[in-house]
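Reader: I have the chain open in a viewer. Please take me through it with a few questions.

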Amino acid sequence: MGNRTEVTEFLLLGLTDDPHLRVPLFMTFLLIYTLTVVGNLGMILLILLDPRLHTPMYFLLGNLSLVDFCSSSVVTPTVMAGLLTGNKVISYNACAAQMFLFATLIGVENYLLASMAYDRYAAVCKPLHYTTTMRTSVCAGLVLGCYVSGLLNACIHTGETFSLSFCDCNMIHHFFCDIPPVMALSCSDKQANELVVVCVVSFHIFFAVVFISTSYIFIFGTILRMHSAAGHRKALSTCASHFTAVSIFYGTTIFMYLQPTSSHSMDTDKIASVFYTMVIPMLNPMVYSLRNKEVNSAFLKVRSAFLSWRPNKV
């Protein structure tokens, strides 16, 4: 136990050592984080305020927006503070907490995307039974299962990482406490721990990807059997946003976690990490609202209500 706590703090080396890039990067991340907060909390607010969005699809989307907001908030403010102040030190416990929270949220998002694929399958392939298939108890059970799976996933990853010994080097070649760069610092034999992490990540991703792929096979089969062009367009439009989000999320996740730490290029990992910690949470609300008539209609309704309310208060 003693050898594990020899390192009491870590130094996050961040994205760059160039002082001239600190302000431009800070402004870029501030813009990204602002758009993430406005987009995701705005989506949640629209879903809560508009009764037309009180459906299973938007219940799941609201939870996805919450997870995206939280996952970005676990990482981005710390990165911006480091760029602004130059202080890149993070305590041992804070590092473990950041890893646990981020791993939880990534695990939740993994299964939320799978649940959303099931929702789209029920809507396209079984439209007459949709309200009974995706009843309130089923939706609540799916979301609860996502959060429980995320917590279990984080317990395993954080436990396997921080059960290792950290002896001398405490410099993390990254901008947050992610699993691969923290594991790379360990002075003990980490082969078994790496194997456990890769196996657990592989299981979660494989299960979700197979489930999503199977859902889309049935969805596309149903679309091909439709005779009307309007039916084709409507079915494809309901799935296009989800399919885009799935492709972006799993592309970066597989790249980051399904390889041993010895195979990681830290600079390449940093670029990929910026994408899935900051860019994806910003993009998801845009992907799901773009060309979505229900969301756009809800936004216009809320905006008109706000504008009509303001003069009466003056």
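Reader: What does the accessible surface of the protein come to?
Author: This is a predicted model, in which local features need pLDDT of at least 70, side-chain atom pairs count only at pLDDT 80 or more, and totals for chains, interfaces and linings use all residues. Residues are numbered from 1 along each chain as its sequence is written, and side-chain values use heavy atoms, without hydrogens and water. Carbon and sulfur atoms hold 69% of the accessible surface (Shrake-Rupley method, 1.4 Å probe). The whole comes to about 15,600 Å².

Reader: Is valine 148 buried, partly exposed or exposed?
Author: Valine 148 is found in helix 5, residues 136–162 (helices are DSSP runs of H or I, at least four residues, numbered from the N terminus). Buried means under 20% relative accessible area, exposed over 50%, and partly exposed in between, with a 1.4 Å probe and protein chains only. Because its relative accessible area is 41%, valine 148 is partly exposed.

Reader: What separates the C-alpha atoms of valine 148 and threonine 104?
Author: Along the chain, valine 148 and threonine 104 are 44 residues apart. In space, their C-alpha atoms are separated by 8.9 Å.

Reader: How many helices and how many strands are there in the protein?
Author: From the N terminus on, the elements run β-α-α-β-α-α-α-β-α-α-α-α-α. Strands are DSSP runs of E, at least two residues. The count is 10 helices and three strands.
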